[in-house]
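Reader: I would like to learn how to read ring contacts in a protein model. Could you take me through them step by step?

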Amino acid sequence: VGYNGIHFYYPSTVQYNYVQNCNLLKDDGGGIYTSSPDVYPAAAQNNGSVIRYNIIDGSWGTAQGFTTYGYTLGEGIYLDESSGGISVYGNSVGNVTSGAYYAHKGYSHLIRDNISYRARYGLLLKHKGNNIIARKNKLYGFSRDYNDKQSEQMVWKFGTTTRPAIDSNTYVQHYKSADIFADSITNYSFAAWKTATGKDAA
């Protein structure tokens, strides 16, 4: 698929899909993508949507399709601008060049009981982030991301105005213990992450 595998704007249930090798021609897209642009803080157009029991295998992005980040932006499940109130559970996402589960300028999402593997970021939260809950996910990291820029990170949280509730997740990273979590520009080990956030201590 040249761009997003599945793309929706309005309340939907997206379930039991297998999405393979998307974002082959364009950048900054997802295996499953939704947004609700220009409505925040009003209720999101996609409020109440459910994304469950899907498999995404390969979201690549391409520098020729636009990127200014120095790495390609192939996301897995991508909750983009001003999305709100979406439940994401029971999904498996692997082989993506950016975030397996990415909430950008969103709020009130529940991201639980999912699996990620081979992703630059297992969980990526950028900007806003009000009332986002991410729990009981299993995130697997490998030695280097697909763009060979860095070790894969479990969580990167950047510019969130409130602290999302990231708790009771399982993290597996056999290749590195330092700098596998990040809050804005500060990197942490798992022990330091738990101390800094008070989360994932269970």
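Author: We will go through aromatic pairs, burial and charges over rings. This is a predicted model, in which local features need pLDDT of at least 70 and side-chain atom pairs count only at pLDDT 80 or more, while totals for chains, interfaces and linings use all residues. Residues are numbered from 1 along each chain as its sequence is written, and side-chain values use heavy atoms, with hydrogens and water left out.

Reader: How many aromatic pairs are there?

Author: Rings of Phe, Tyr and Trp (its six-membered ring) pair if their centres lie within 6.5 Å, and planes under 30 degrees apart count as stacked, over 60 as edge-to-face and the rest as tilted. By this rule there are 13 aromatic pairs. The planes of Tyr171 and Phe181 stand at 85°, with ring centres 4.8 Å apart, so this pair is edge-to-face.

Reader: Is Phe181 buried or exposed?

Author: Buried means under 20% relative accessible area, exposed over 50%, and partly exposed in between (1.4 Å probe, protein chains only). Phe181 has a relative accessible area of 0%, so Phe181 is buried; Tyr171 is buried too. Phe181 also forms a stacked pair with Phe190, at 5.6 Å centre to centre and 20° between the planes, and Phe190, at 30%, is partly exposed.

Reader: Which residue lies over the face of Tyr71?

Author: A charge sits over a ring if NZ of Lys or CZ of Arg is within 6 Å of the ring centre and within 35 degrees of the ring normal. Arg120 lies over the face of Tyr71, at 3.6 Å from the ring centre, and Arg112 lies over that of Tyr89, at 4.3 Å.
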